[in-house]
Amino acid sequence: MVGDEYSDSALMDYLGARKTTMLGNNFSEYHVDEPPRVILDKLEQAGYRLVSMTGVGQTLVWCLHKDTL
């Protein structure tokens, strides 16, 4: 999962993400098929930098930041 329904649609297109809504949920999420290292590389090329990373159960969560000019 790389974003929610409020994520930048241009960035989601760049990542190759598809917007999905799971049955029973009242919100959408963006998902990708590539492994995390490919997505993190793409985000770095787009100007994002890794701030932190943690594990939550069997899920990995990366926090990234992009400076605004």
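**View 1. Three elements of this predicted model each supply at least two residues of the lining of the largest pocket: α1 (9-15), α2 (36-45) and β5 (59-65).** β5 gives the largest share of that lining, with six residues.

**View 2. The largest pocket holds about 510 Å³ of space.** Its lining counts 20 residues, and those closest to the pocket centre are M1, V2, I39, L43 and W62. By residue type, the lining of the largest pocket divides into 16 nonpolar, three polar and one charged.

**View 3. Three strands form an open sheet.** Their order is β1-β3-β2, and the pairing is antiparallel. At the edges are β1 (3-4) and β2 (18-20). Each of these edge strands pairs on one side only.

**View 4. Strand β1 meets strand β3 (residues 29-31) in an antiparallel pair.** Two bridges join these strands. Look for G3, which stands opposite Y30 in β3.

**View 5. L50, M53 and L60 make a nonpolar patch on the surface.** The patch covers about 290 Å². One of its residues, L50, lies in strand β4 (residues 49-56).

Notes:
Residues numbered from 1 in each chain as written. Predicted model: local features only at pLDDT ≥ 70, side-chain atom pairs only at ≥ 80, totals over all residues. Heavy atoms only, no water. 1 Å grid on protein atoms, 1.4 Å probe; cavity = no way out; pocket = protein on both sides within 12 Å on 5 of 7 lines; lining within 4 Å. Points joined across faces, edges and corners; volume = space filled by probe spheres on them. Helix = DSSP H or I, 4+ residues; strand = E, 2+ residues; numbered from the N terminus. Nonpolar A, V, L, I, M, F, W, Y, C, P; charged D, E, K, R; others polar. Pairing = 2+ DSSP bridges. Patch = residues over 30% accessible without salt bridge, like charges linked within 9 Å, V, L, I, M, F, W, Y side chains within 5 Å. Areas by Shrake-Rupley, 256 points an atom, 1.4 Å probe, with all protein chains shown as cover. Salt bridge = Lys/Arg side-chain N within 4 Å of Asp/Glu carboxyl O.
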